[in-house]
Amino acid sequence: MRISTIAWANLKRRKGKAAFLAIGIAIGIGTAVALMSLSSSIKEEIGSQLDQFGANIVVAPQSNSLDYGGVFSLSLDDQQLKEEDASQILNIPYRNRLSVIAPKLLGRVRVEGREALLAGVDFKSELALNRWWRIVGRAPDTDQELILGYEVARVLSLVEPLAPLAEMQDDTEHANHEAGEHPPFEILRDRINIDGREHRVAGVLFETGRQEDRMIFGSLAYVQGLLGKPASLSLIEVSALCKDCPVEDIVAQINEQLPHARVSAIQQSVRARAETVDRLTRFFAIVSGIVLAVGALMIFTTMMGAVIERTKEIGVLRAIGFRKAHIVKELMLEVAVISTLGGLAGWAAGTAASFAALPYFAETDVRVHIEPSIALAAVLAGLAVGMLSSLYPIIRASKLDPSEAVRYV
Amino acid sequence: MAFLEIDRVGKSYDTDGEGRLVRVLSDVSAEINEGEFVCLMGPSGSGKSTLLTIVGAMNHPSEGRVLIDGIDLYGLTDEKRADFRREYLGFVFQQHHLLPYLNAIENVMLPLATASAASSEKRDKAMRVLEKVGLSDKASRLPGQLSGGEQGRLAIARAIVNEPPLVLADEPTGALDSRTGREVMEVFLNLNAQGQTLFMVTHNPENARLAHRIINLKDGRVVSEVAV
């Protein structure tokens, strides 16, 4: 017989009440775990979605003069970057945080009597970087094939707008358009002449409202040949997975690798990412806190009731020589067992709930991660909530006057 | 010097919370020697149970002092007084106050729960006491599965398991019929025959006649002390 024997016997005897308390803790902890798991997964999703918004770091030669997308001014005649610069970026310590490295060579060309900006790109990287791009036609298969910005194609009379949605009679066609599959224009011809050479147009970009509307895109190697600048680059766009990484550090590391280049972060984008994630985290933390506080209040009330109900028993224990500390120990042991079980159950329920709820909050295939550290934190939080909210009733119980308590019926 | 010395003890309660005191005990003095069996009698409200809780180191007197084995109970800190109760006193309550979720032997072992001895040692000790009160065959029964007399004997077993020098009993047969009441009193008499000091509150004159001495209390004062 030890004090723990009494605690254990009491738990077995009051299974219903113990279960009720454990459920209270489990609800509080479960909500916190679910919200934290959801928050973590949604943060991950927001981060990767924000990363899809495009480059957040631009590497350019030191001296530039042409405006590129409001970010940089580039001098097309003063190419200072080389292809190996792009591979050197992968030597930085934070290379795992880089999602896309998209090198570019820019040059002015004459297209059917008009001047246009030709960009040599690595199409795989470029399409990964600009995920919002939608193409009427297809991505180029060969070096001679091009993609045209909408404005270039319109000026060259390569495209003709299609009838707007309201004029469509066919229900199926309507549905397709709603799903984003109906192109706003059609390609009338797929050949253009650049600097006297005929090229095939593989596709035309939907209008973006950005600089690419006024650009022509070809494969990097081909454009380098066409412009007579082999292995040269005008700029390198980099997308870093920066939902929680210090972009300034990445910029500094790239600068260290490429001292001859100018590396800049698009701060606005980074700040927006950080702010969105921070707001979400704060919101979930507040909701978790409120639910835990309600759970703690419930435990407090139940424990107060339990102490009143057990006044006689506590009085008997005090009368036969239990110190106040022994009473506290006995009751705390009970609460500890209940809280641990509640914390574990809360973790399991919260994890299951976040699995079930994630599809309603996140659209991508982002997952809920099962981490032992979260289980441990849930149990510790359950213990803390249980112990703290029971502290006052238990101390009050230990101070019961034994002579009054044994008279209590 | 007597083993138990009650020295001009008085007790008042502030029953309405407004400072108006109700006096329950006034100038009570008594002595009990080691091995004695003393009964405390008196009408309801005479202060018998209050005096017993004061002697039981559970209820601070308003005046006077109580010495057991020369120790001034209310000169001790609250925690030391709890230790004193565990080591010096055994309690038998009228309603027995057995813990319903512990079986008979576990109830007996309760006062040993805070001791550092091995569980087997505690169990052996409890079993010996159960044998003493004739309940060794019912060690694993819950209190609810025992008769009133058996519950009374179990309460006595719990009171003596620590081998306390003094056992205090508050109307231990008060809730029992006369046959089971006698059963319980026999256990007390056996214990006393083995040298156990007993101080018992009772309403029952038959039980009181079994004691060495009877102290009569009326309106919170000792009105007589009779040797039987």
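**Entry 1: hairpin in chain B**

I start with a term: a strand here is a DSSP run of E, at least two residues long, numbered from the N terminus. Two strands pair if DSSP finds at least two bridges between them. I also note that I am reading a predicted model.

I looked up how chain B begins its pairing. β1(B) and β2(B) form a hairpin, with six residues between them. In the turn, B:G17 has a positive phi of about 75 degrees. The two strands run antiparallel, and eight bridges join them. I picked one bridge to check: B:Y13 has B:V22 in β2(B) as its partner.

Strand β1 of chain B covers residues 4-14 and also pairs with strand β4 of chain B, residues 63-68. I count this pairing as antiparallel too, with five bridges. Here B:I6 stands opposite B:V66.

A general reminder for myself: strands of a sheet pair through backbone hydrogen bonds, either parallel or antiparallel.

**Entry 2: two residues with positive phi**

I went on to B:D27, which lies in strand β2 of chain B. B:D27 is not a glycine, yet its phi is positive, about 50 degrees. Is B:D27 buried or exposed? Neither label fits: B:D27 counts as partly exposed because 13 C-beta neighbours lie inside 10 Å.

B:H97 also has a positive phi of about 50 degrees and is not a glycine. I found B:H97 in the loop between β6 and α3 (104-109) of chain B. B:H97 is buried, since 22 other C-beta atoms lie within 10 Å, and the cut-off for buried is 20 or more.

**Entry 3: a covered helix**

Next I looked at helix α1 of chain B, residues 48-55. How many of its residues are buried? The count is eight of eight. Among them are B:K48, B:L51, B:I54 and B:V55. Just after this helix, B:A57 takes a positive phi of about 60 degrees.

**Entry 4: the six-stranded sheet**

I traced an open sheet in chain B. Its six strands come in the order β6-β7-β8-β3-β9-β10, and the pairing is mixed. Which strands stand at the edges? They are β6 (89-92) and β10 (221-227) of chain B. Each has a single partner strand, so one side of each is left without a neighbour in the sheet. On average, neighbouring strands of this sheet are turned by 15 degrees against each other, direction ignored.

At one end of that order, strand β9 (residues 213-218) of chain B and β10(B) pair over six bridges in the antiparallel sense. One bridge joins B:K218 to B:R221 in β10(B). Helix α5 (residues 148-160) of chain B packs on the sheet. This helix touches β6 and β7 (166-170) of chain B, and its direction makes about 165 degrees with that of β6(B).

**Entry 5: the cores**

I then turned to the nonpolar cores. The largest has 112 residues. Which of them touch the most other members? They are B:L40, B:V108, B:I156, B:A157 and B:F199. Helix α2 (residues 15-51) of chain A gives the most to this core, with 13 residues. I followed B:A157 further: leaving out residues up to four places away in sequence, B:A157 touches B:V108, B:V129, B:L130, B:V133 and B:L135.

Apart from the largest core lies another, of 54 residues. Its members include A:V59, A:L129, A:I147 and A:V204.

**Entry 6: chain A and A:L146**

Chain A has 409 residues, and 41% of them count as buried. I list 13 helices and 16 strands for chain A. Of its contacts with a separation of 6 or more, 82% join residues 24 or more positions apart.

A:L146 was my sample residue. A:L146 sits in strand β8 (residues 145-148) of chain A. Why does A:L146 count as buried? Because 25 other C-beta atoms lie within 10 Å. Beyond four places in sequence, the contacts of A:L146 include A:P140, A:H199, A:V201 and A:I216. A:R200 is 54 residues away along the chain, yet the C-alpha atoms of A:L146 and A:R200 are separated by 6.3 Å.

**Entry 7: where the chains meet**

Last, I looked up the interface. In it, 22 residues of chain A are in contact with 23 residues of chain B. On the chain A side, α1 (3-13), α10 (311-319), α11 (324-361) and α13 (402-407) each give two or more residues. α1(A) gives the most, with six. By type, the chain A side divides into ten nonpolar, five polar and seven charged residues.

Notes: Residues numbered from 1 in each chain as written. Chains lettered and ligands numbered in written order. Predicted model: local features only at pLDDT ≥ 70, side-chain atom pairs only at ≥ 80, totals over all residues. Helix = DSSP H or I, 4+ residues; strand = E, 2+ residues; numbered from the N terminus. Buried ≥ 20, exposed ≤ 12 C-beta atoms within 10 Å, placed from the backbone. Contact = placed C-beta atoms within 7 Å. Nonpolar A, V, L, I, M, F, W, Y, C, P; charged D, E, K, R; others polar. Core = buried A, V, L, I, M, F, W, Y, C linked by C-beta atoms within 7 Å. Axes fitted to C-alpha atoms, helices over the stretch in contact; angles between N-to-C directions.
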